[in-house]
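Student: Could you take me on a close look at the part of this protein that carries the binding-site annotation? I'd like to know what surrounds it.

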Amino acid sequence: MSSKNQNKPPFHHNTTSSSTTSTTTPSPSKNKCIAAEVSEEKGQKLGFEKMIGTPNNGRLRLAFSLVNGSQDLGPDSTPVSHAGSECGAIEFTREDVEALVSEKMKSKNKFNYKERCENMMEYIKRLRLCIRWFQELEGEYAFEQEKLRSALELTERRCYEMEMALKNKDEEMNLIILELRNSLASLQEQLVKEESEKKAAMDSLAKEKEARVSLERSKASLSEELDKVQAELDSANQRIESINDMHKLLQEYNSSLQIYNSKLQTDVTAAHETIKRGEKERLAAVENLHNLRGEHKSLQDQLTSSIASQDGVMKQKEALLNEVACLRMELHQIKDDRDQYQQQAQSLAVEASKYKELATNSSGLEEKCLSQGNQIQILHDQLAVAERKLQMSDTFALEKGKEFEGQKEIIKELHKCLEDAEFKLIEGEKLRKKLHNTILELKGNIRVFCRVRPQLADDSSSNHGKVFSYPTVMEYLDRSIDMTHNGQKHSFIFDKVFMPDVSQEEVFVEISQLVQSALDGYKVCIFAYGQTGSGKTYTMMGKPGQPDEKGLIPRSLEQIFQTTQALQHQGWRYEMQVSMLEIYNETIRDLLSTNRDSSRFENGVTGKQYMIKHDANGNTQVSDLTIVDVQSSREVSFLLDRAAQSRSVGRTQMNEQSSRSHFVFTMRITGVNESTEQQVQGVLNLIDLAGSERLSKSGSTGDRLKETQAINKSLSSLADVIFALAKKEDHVPFRNSKLTYLLQPCLGGDSKTLMFVNLSPEPSSASESLCSLRFAARVNACEIGTPRRQLNIRTSNSRLSYG
Ligand SMILES: Nc1ncnc2c1ncn2[C@@H]1O[C@H](COP(=O)(O)OP(=O)(O)OP(=O)(O)O)[C@@H](O)[C@H]1O
């Protein structure tokens with residue numbers, strides 16, 4: 001088997017090989033490709049070459065991934081230049097492409113297979129050229145779109161930043177304006193208050209001034225009066241002095257009069273004495289009376305006149321006394337007047353000092369008014385500055401607004417460009433899909449990827465030496481694997497060989513197009529085959545708790561949900577349903593059943609039967625199986641976790657956590673395009689098979705032995721089915737196991753199927769690895785039918801089917 005394969009390059013590889021194609025004996029199905037390569041080698045100038053120019057065969061191999069376009073669609077891919085490309089300066093018009101796609105094979109002689117084959121090869125070659133051209137074009141579009149998208153993002157970011165800055169500025173300005181307005185309002189209030197205060201102060205000042213003037217006037221009049229009074233006082237004082245003088249004089253006169261009066265009194269007394277003496281004398285004189293009578297009479301006269309003069313003096317004295325009393329009264333009054341005037345003068349002086357104080361106070365008020373005026377002036381200045389600032393910010397905002405409008409226009413233009421590019425991309429994508437599917441239809445086989453896991457820390461180190469090597473011949477680079485066992489070298493070629501250091505992401509890139517096909521309405525089946533511990537579960541599910549190492553299933557789901565989101569703007573609406581089951585000891589178990597224990601019981605005794613049914617449309621259904629509608633990859637991840645917990649695992653000599661069952665994840669995708677009324681129905685089956693192992697190696701006993709036997713039986717049934725298909729036998733034993741019966745539409749029908757053959761690098765596993773490689777090589781050589789897209793079909797039964 002291996003030697004046969006070594007000599008026979010697989011019919012599905014798309015590269016040109018002058019050395020191998022000329023010496024090989026191609027199988028009927030592979031003949032087509034090889035013949036085309038040979039004809040290209042020989043440089044036959046065909047009509048098509050004339051049309052498109054001679055292709056550049058600089059690249060000797062073209063991996064499956066390149067055919068399905070995955071590696072050119074990476075986000076970091078650079079634009080494809082026509083100058084250095086494999087298509088040279090060839091341009092295809094839509095008509096060319098459509099003509100190419102709808103071209104019918106013409107042959108003079110129907111039974112001239114050689115000619116038909118050559119025609120076919122030539123046609124394939126043209127298709128390849130066309131695809132390459134489309135891939136390049138697509139790369140350009142993708143690059144252009146990326147560029148536009150990043151420019152748009154940049155501009156949007158800038159705009160957003162500018163908008164934010166403007167908004168911030170605006171807010172700042174608004175805050176400043178608000179503050180200024182508040183301060184203006186408070187200032188205005190203060191101003192009004194100050195002005196009213198100033199007015200009141202002015203009024204009071206004016207009043208005070210008036211009062212001062214009137215006071216000054218009254219003061220002046222009072223001063224005049226005072227002067228007058230003073231003058232009067234002076235004159236009164238003078239008069240008082242003169243009166244006092246007169247009073248003194250009068251007093252002196254009075255005292256002199258009193259002296260005179262006393263003198264007169266003494267005189268009277270002396271006269272009386274004299275009278276007495278005269279009497280005596282009269283007696284004496286009676287004798288001398290006569291004599292004396294005369295004398296007496298004269299004395300009497302003299303006395304009467306003295307009395308009369310005394311009366312006059314007395315009267316004069318009384319008059320003088322009256323006059324003194326009058327003068328005294330007058331003096332008293334003058335004194336009162338003077339006191340009054342003095343009091344008046346004092347009060348006037350007090351008032352004057354008060355006025356003086358008021359005058360000094362009014363100057364303080366004036367100073368206050370002046371300072372307030374200054375403050376008002378400062379506030380006015382501040383207000384003017386704030387208004388100027390406001391004006392400036394308004395003009396700045398206006399400018400920014402204009403700039404913003406400009407940016408908006410640019411964004412609009414960019415949007416238009418992006419729309420154009422997207423339209424072109426969609427058109428290109430449609431054509432790409434068509435061409436890709438045409439190629440796959442032409443190939444019509446099951447593809448095989450081989451993956452070798454790295455050496456693990458706990459791998460047995462007893463058997464040293466390298467089991468696998470990877471030839472570096474350009475033609476088979478990344479596609480061939482050599483295995484040395486018992487000193488013998490075995491070579492295998494697959495669609496892709498992943499070396500141990502290849503990451504999960506790199507593996508996914510290679511299958512992403514296949515996953516995409518499920519969204520396009522194809523049935524897709526990817527399964528992992530290999531011995532226990534070779535990395536099947538790692539490849540399909542990844543390492544739990546290590547997001548970087550997540551496997552194909554979670555990555556496929558993420559891609560599906562991302563793509564459905566992206567396709568929404570093209571009018572596509574998708575609905576997804578998932579189911580997860582395991583086939584354990586030839587019984588189906590529902591991994592999403594909420595009542596798993598009872599389901600096990602029912603399954604074993606009475607309850608759910610999980611019958612597999614295929615309908616006329618090639619759809620498979622499992623009765624009683626839990627089907628969950630899902631809308632996000634997170635939901636599916638949750639379900640996957642649930643299923644992983646329910647899955648039957650056990651410890652074997654080969655693997656700590658060995659899967660003891662086949663795990664089948666199924667997602668049914670129904671898409672409806674609201675604008676085109678198109679409907680697609682795709683199915684994605686992702687299967688982690690139980691490990692193939694020899695009973696002797698597994699060291700199984702009891703239940704584990706039963707498990708191992710069941711696993712081996714179903715895997716050998718799978719091999720039987722594939723070999724029967726490869727030999728195109730009439731009877732294919734699909735019904736020999738639950739696994740093959742479930743996968744019947746994928747293996748023998750119209751689905752796109754990919755098998756991963758996982759290998760362990762340990763020398764101790766070499767014979768198991770050789771078995772796996774041989775099985776994979778037979779699968780690779782097997783033709784299982786033509787993939788068919790389920791388009792425009794509306795089924796009333798919406799239950800999930802397996803393909
Ligand atoms: N490519 C890889 N890189 C790193 N570790 C890997 C790789 N492949 C497998 N492993 C590790 O090898 C061990 C066995 O892998 P895994 O359980 O996936 O094997 P399996 O084929 O599913 O086994 P079984 O059939 O018994 O379930 C795991 O610990 C896994 O993490």
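Tutor: Happy to! Let's begin with one cut-off: a residue is called buried if 20 or more other C-beta atoms lie within 10 Å of its own. Please keep in mind that this is a predicted model.

The UniProt annotation "binding site", from an unreviewed entry, covers G530, Q531, T532, G533, S534, G535, K536 and T537. G530 belongs to strand β6, which is made of residues 523–530. Q531 lies in the loop between β6 and α10 (536–540). Are these two residues buried or exposed? G530 has 31 other C-beta atoms within 10 Å, so it is buried. Q531 is buried too, because 26 other C-beta atoms lie within 10 Å of its own.

Who are the neighbours of G530? Setting aside residues within four places in sequence, G530 is in contact with K536, G691, S692, V757, N758, L759 and S772. K536 is itself one of the annotated positions. V757 leads us to the largest nonpolar core, which has 88 residues. V757 is among the residues with the most contacts inside that core, together with C450, V524, I526, M755 and A776. In soluble globular proteins, nonpolar side chains tend to be buried together. M755 gives a good view of this core: beyond residues up to four places away in sequence, M755 touches I446, V448, F527, Y529, A776 and V779. There is also a second, separate core of twelve residues, including F92, C130, L137 and A421.

Strand β6 also helps to cover a helix, α11 (residues 552–566). The buried residues of α11 are L552, I553, P554, R555, S556, L557 and I560. Besides β6, their cover includes α9 (504–519), α10, α13 (633–646), β14 (662–673) and β15 (679–688). The length of α11 can be checked as well: at 1.5 Å a residue, its 15 residues should span 21 Å, and the end C-alpha atoms are 20 Å apart, so the two agree.

Finally, S772, one of the contacts of G530, points us to an open sheet. This sheet has three strands in the order β2-β3-β4, with antiparallel pairing. Its edge strands are β2 (468–469) and β4 (488–493). Helix α18 (residues 766–780) packs on the sheet, where it touches β3 and β4, and its direction makes about 145 degrees with that of β3. Within the sheet, β2 and β3 (residues 480–485) pair over two bridges, and S469 has D482 as its bridge partner in β3.

Technical notes:
Residues are numbered from 1 along each chain as its sequence is written. This is a predicted model: local features need pLDDT of at least 70, side-chain atom pairs count only at pLDDT 80 or more; totals for chains, interfaces and linings use all residues. A nonpolar core is a set of buried Ala, Val, Leu, Ile, Met, Phe, Trp, Tyr and Cys residues joined through C-beta atoms within 7 Å. Two residues are in contact if their C-beta atoms, placed from the backbone, lie within 7 Å. UniProt positions are given in the numbering used here, feature names are shortened, and annotations may be inferred rather than shown by experiment. Helices (H or I, at least four residues) and strands (E, at least two) are DSSP runs, numbered from the N terminus. Two strands pair if DSSP finds at least two bridges between them. Axes are lines fitted to C-alpha atoms, for helices over the stretch in contact, and angles run from 0 to 180 degrees between N-to-C directions. The expected span of a helix is 1.5 Å times one less than its number of residues.
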